Amino acid sequence: GIDSMWNILLITTWLCTAHIALALMAASLYFLPHPLAVGTLASLIALVFLPVRRPFPRWGIAIARAITYAALDYFPMSLEWEDQQSFVEASVKGVPSIIGCEPHGVLPLSIISFADYCYYGAETPSIVKETRALATSTIFYIPLLRQLWSWLGIDPISRAHMRALLERGRSVLMIPGGVAECLRMTPKCETVYLRKRFGFVKMAIQTGAQLVPAYSFGQTRTYSYWKLGPPLCSDATTARLSKIIGLAPMAFWGRWGTPMPRQEKIHTVVGKAIPVEKRADPTNEDVAAKLEEFIGAVKDLFERHRGENGYGDVELVVL
């Protein structure tokens with residue numbers, strides 16, 4: 001990766017905005033009722049509630065584009081499609097896709113590797129440029145971060161919003177394992193949490209969206225972490241807390257013991273689309289069968305590409 005000061009500044013902007021916003025808020029509360037503290041606090045609160053509407057400001061898009069290219073250079077990141085043409089053809093015909101990318105890792109950094117093609121590619125069809133990534137809604141309650149991540153092509157995840165995008169023929173990118181997967185991570189192996197993730201598959205069947213598996217090698221090597229759990233509290237307590245806050249209760253660190261991730265190569269492979277027959281009211285058996293097909297495709301991607309990405313001796317565990 002390219003370890004320039006410019007890249008480090010942009011990666012810091014991308015991944016440390018939440019820390020900066022929370023520090024500003026804490027400092028403002030501490031120095032109340034100083035006029036500057038009042039003004040800063042009021043501005044931050046306003047940024048939480050002001051809608052982030054499209055079209056986004058040009059300067060915001062410019063920042064997002066600069067962050068994207070800095071990330072591609074810094075790690076470095078790369079994206080490989082096994083059948084890009086069929087994805088594009090389906091999109092042009094109005095058939096959306098749900099790209100399910102695993103694993104989540106401490107932070108789903110690999111999402112940004114899709115931005116170069118989906119948003120900035122000169123030959124990318126306009127319908128593909130309408131693709132949105134979906135992430136936990138919690139981050140969209142943090143001022144500054146919600147604006148930045150929106151410019152980066154990320155929306156808060158919800159069933160209603162996801163359905164609305166798919167029914168308009170827009171594809172979505174998501175990490176099916178989500179926050180729950182973070183709670184099950186272990187440094188000893190690659191862990192993906194999919195066997196109980198029926199919701200996104202049911203949504204695909206109801207909207208006729210094809211399922212596209214993807215796997216990001218290197219994602220879990222960018223951070224060290226400590227998870228809340230035994231002996232401090234039970235796993236059940238940790239899971240309940242995670243559901244309440246919408247985040248995994250954990251401490252994590254990368255380079256220099258900071259939120260700056262380590263420079264580990266992140267290579268994402270996007271597999272062939274799994275066709276889905278549209279049904280308004282699929283049975284539980286239909287959903288389970290299609291989920292099993294998706295899990296098989298993820299495992300196949302991992303097995304076929306593990307060696308060339310330095311994962312030859314790493315086990316993939318599907319929970």
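**Exercise 1. The surroundings of helix 5**

What covers the buried residues of helix 5? Identify these residues in the predicted model and state how they are arranged about the helix axis.

*Solution.*
Step 1. Helix 5 spans residues 84-92, and its buried residues are F87, V88, A90 and S91.
Step 2. Viewed down the axis of helix 5, the buried residues fall within an arc of 165 degrees, so they line one face of the helix.
Step 3. The cover over these buried residues includes two strands, strand 1 (77-81) and strand 2 (97-102). It also includes helix 6 (115-120) and strand 7 (210-217).
Step 4. After helix 5 comes G94, which has a positive phi, near 90 degrees.

**Exercise 2. The nonpolar cores**

Determine which residues touch the most other members of the largest nonpolar core, and which helix gives the largest share of this core.

*Solution.*
Step 1. The largest nonpolar core holds 58 residues, and those that touch the most other members are W14, M77, W149 and L152.
Step 2. Helix 4 (residues 58-74) provides the largest share of this core, with 6 residues.
Step 3. Leaving aside residues up to four places away in sequence, W149 touches W14, I139, F140 and I154.
Step 4. Another core, of 33 residues, lies apart from the largest one; among its residues are M162, V192, M203 and A209.

**Exercise 3. The cysteines**

Establish how many disulfides the model contains, and state for C101 and C182 whether each is buried or exposed.

*Solution.*
Step 1. A disulfide requires a pair of cysteine sulfur atoms within 2.5 Å.
Step 2. For C101, the nearest cysteine sulfur is that of C118, 11 Å away, and C101 is in no disulfide.
Step 3. For C182, the nearest cysteine sulfur is that of C101, 13 Å away, and C182 is likewise in no disulfide.
Step 4. The count for the model comes to 0 disulfides.
Step 5. Buried means under 20% relative accessible area. C101 has 1% relative accessibility and therefore counts as buried. C182 has a relative accessible area of 2%, so C182 is buried.

**Exercise 4. The second largest pocket**

Give the volume of the second largest pocket, and name the residues closest to its centre and the elements that give two or more residues to its lining.

*Solution.*
Step 1. The volume of the second largest pocket is about 310 Å³.
Step 2. This pocket is lined by 19 residues, of which V52, S150, D155, P156 and H161 are the closest to its centre.
Step 3. Two or more lining residues come from each of helix 3 (35-49), helix 7 (145-151), strand 4 (154-156) and helix 8 (159-167).

Note on methods:
Residues are numbered from 1 along each chain as its sequence is written. This is a predicted model: local features need pLDDT of at least 70, side-chain atom pairs count only at pLDDT 80 or more; totals for chains, interfaces and linings use all residues. Side-chain values use heavy atoms; hydrogens and water are left out. Buried means under 20% relative accessible area, exposed over 50%, partly exposed in between (1.4 Å probe, protein chains only). Helices (H or I, at least four residues) and strands (E, at least two) are DSSP runs, numbered from the N terminus. The arc is that of the directions from the helix axis to the C-beta atoms. Contact means heavy atoms within 4.5 Å. A nonpolar core is a set of buried Ala, Val, Leu, Ile, Met, Phe, Trp, Tyr and Cys residues joined through side-chain atoms within 4.5 Å. On a 1 Å grid over the protein atoms alone, a cavity is a set of points where a 1.4 Å probe fits but cannot get out, and a pocket is an open set with protein on both sides within 12 Å along at least five of seven lines; lining residues have an atom within 4 Å of a point. Grid points are joined across faces, edges and corners, and a volume is the space filled by probe spheres set on the points.
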